[in-house]
Amino acid sequence: MKRDENIREVEQEDGEINLFIKKYDIWWPASKNEKGEVFPDLRGEEGYKSTHDNLRKMLIALEQSGAREIDFSHWSFSDLNFDEEILPLIEFADKIDFSGAYFGRVSFDSGQLKNADFSGVEFSQVYFGNIDIRDCNFDKTNFSEIYLTQSTFTACRFKDVQLDEVKSETGNRFINCKYINTDREKLTSKPSVLGKINNFKNKIASMQNKSQDVKQKQHQHTDIQR
């Protein structure tokens with residue numbers, strides 16, 4: 001098989017192999033999916049500043065090049081913020097492809113997001129706040145613990161959505177959100193497989209706790225009789 005010059009394996013001192021892939025002239029940390037395909041795997045926390053700066057650098061260079069589309073399809077984003085610094089840099093794009101991507105502990109905060117394809121995306125512990133979302137496709141998206149507040153959805157699509165848990169500071173599913181030419185009822189779709197598994201685990205844990213309580217009470221009752 002011909003070696004892909006845009007993919008590198010770097011061995012660390014402990015012998016572990018780190019994977020990197022070149023996209024938009026920047027080398028990104030990467031991971032391999034079950035099909036053996038390699039995609040960028042962007043994580044925040046300790047490396048947040050460098051990841052954030054690389055995103056800025058990439059978006060600025062794309063706009064200057066005259067590009068009208070951004071391809072984030074199947075990328076993985078964890079512990080990152082699409083904030084008031086990043087979101088304006090995306091506005092030049094006529095299309096943003098996030099299809100099949102993963103977002104874990106990510107926030108979209110204070111700005112505008114338009115013409116984005118989120119179809120087949122998995123959102124896990126993601127926050128949308130003070131966002132104007134326009135002409136975005138959320139078909140077949142999996143929402144697991146998503147927080148929505150002070151946001152507007154205009155002409156957005158929600159078909160075959162898998163929705164587990166939507167929270168807000170007041171405990172409601174959505175707080176102060178507006179829907180324009182958007183079918184909000186599509187957001188009340190069936191729970192995802194992940195959500196069902198979590199619910200099952202919670203039920204088992206609850207049953208075990210109740211069983212332990214019963215055993216403890218029986219033990220206490222036996223001690224009293226003695």
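Which backbone nitrogen lies 3.2 Å from a polar atom of the side chain of Ser151? I looked this up and found the backbone nitrogen of Ile131 at that distance. I keep in mind that this is a predicted model, and that what I note here is computed from it.

**Entry on Ser151.** I placed Ser151 in the loop between β13 and β14 (152-154). I then asked myself whether Ser151 is buried or exposed. With a relative accessible area of 1%, Ser151 is buried, because the cut-off for that term is under 20%. The side chain of Ser151 also has a polar atom 3.5 Å from the backbone nitrogen of Asn130, so I wrote this down beside the 3.2 Å for Ile131. Leaving out residues up to four places away in sequence, I listed what Ser151 touches: Phe128, Gly129, Asn130 and Ile131, and also Asn176, Cys177 and Lys178.

**Entry on two backbone angles.** Asn130, which sits in strand β12, is not a glycine and yet has a positive phi, near 55°. I found a second case in Arg105, likewise not a glycine, with a positive phi of about 55°. Arg105 belongs to the loop between β9 (102-104) and β10. For Asn130 the relative accessibility is 40%, which counts as partly exposed, and for Arg105 the relative accessible area is 40%, again partly exposed.

**Entry on the core.** I turned next to the largest nonpolar core, which has 46 residues, and noted that Phe103, Phe108 and Phe118 have the most contacts inside it. Two or more of its residues come from each of β3 (26-32), α1 (48-65), α2 (87-90), β10 (107-114), β12 (122-134) and β13 (142-149). The largest share, 5 residues, is given by β12, the strand in which I had already placed Asn130. I followed Phe108 further and, setting aside its neighbours within four places in sequence, found it in contact with several residues, among them Phe82, Phe103, Leu113 and Phe118. The list for Phe108 goes on to include Phe123, Val126, Tyr127, Phe128, Gly129 and Ile131; of these names, Phe128, Gly129 and Ile131 also appear among the residues that Ser151 touches.

**Entry on the whole chain.** I counted 3 helices and 17 strands in the secondary structure. Of the 226 residues in the chain, 39% are buried. Among contacts with a separation of 6 or more, 37% join residues 24 or more positions apart. The accessible surface comes to about 13,900 Å², and carbon and sulfur atoms account for 44% of that surface.

Methods. Residues numbered from 1 in each chain as written. Predicted model: local features only at pLDDT ≥ 70, side-chain atom pairs only at ≥ 80, totals over all residues. Heavy atoms only, no water. Core = buried A, V, L, I, M, F, W, Y, C linked by side-chain atoms within 4.5 Å. Buried < 20%, exposed > 50% of the residue type's maximum accessible area, 1.4 Å probe, protein only. Helix = DSSP H or I, 4+ residues; strand = E, 2+ residues; numbered from the N terminus. Contact = heavy atoms within 4.5 Å. Polar contact = N/O pair within 3.5 Å; in protein donor to acceptor, adjacent residues only side chain to side chain. Areas by Shrake-Rupley, 256 points an atom, 1.4 Å probe, with all protein chains shown as cover.
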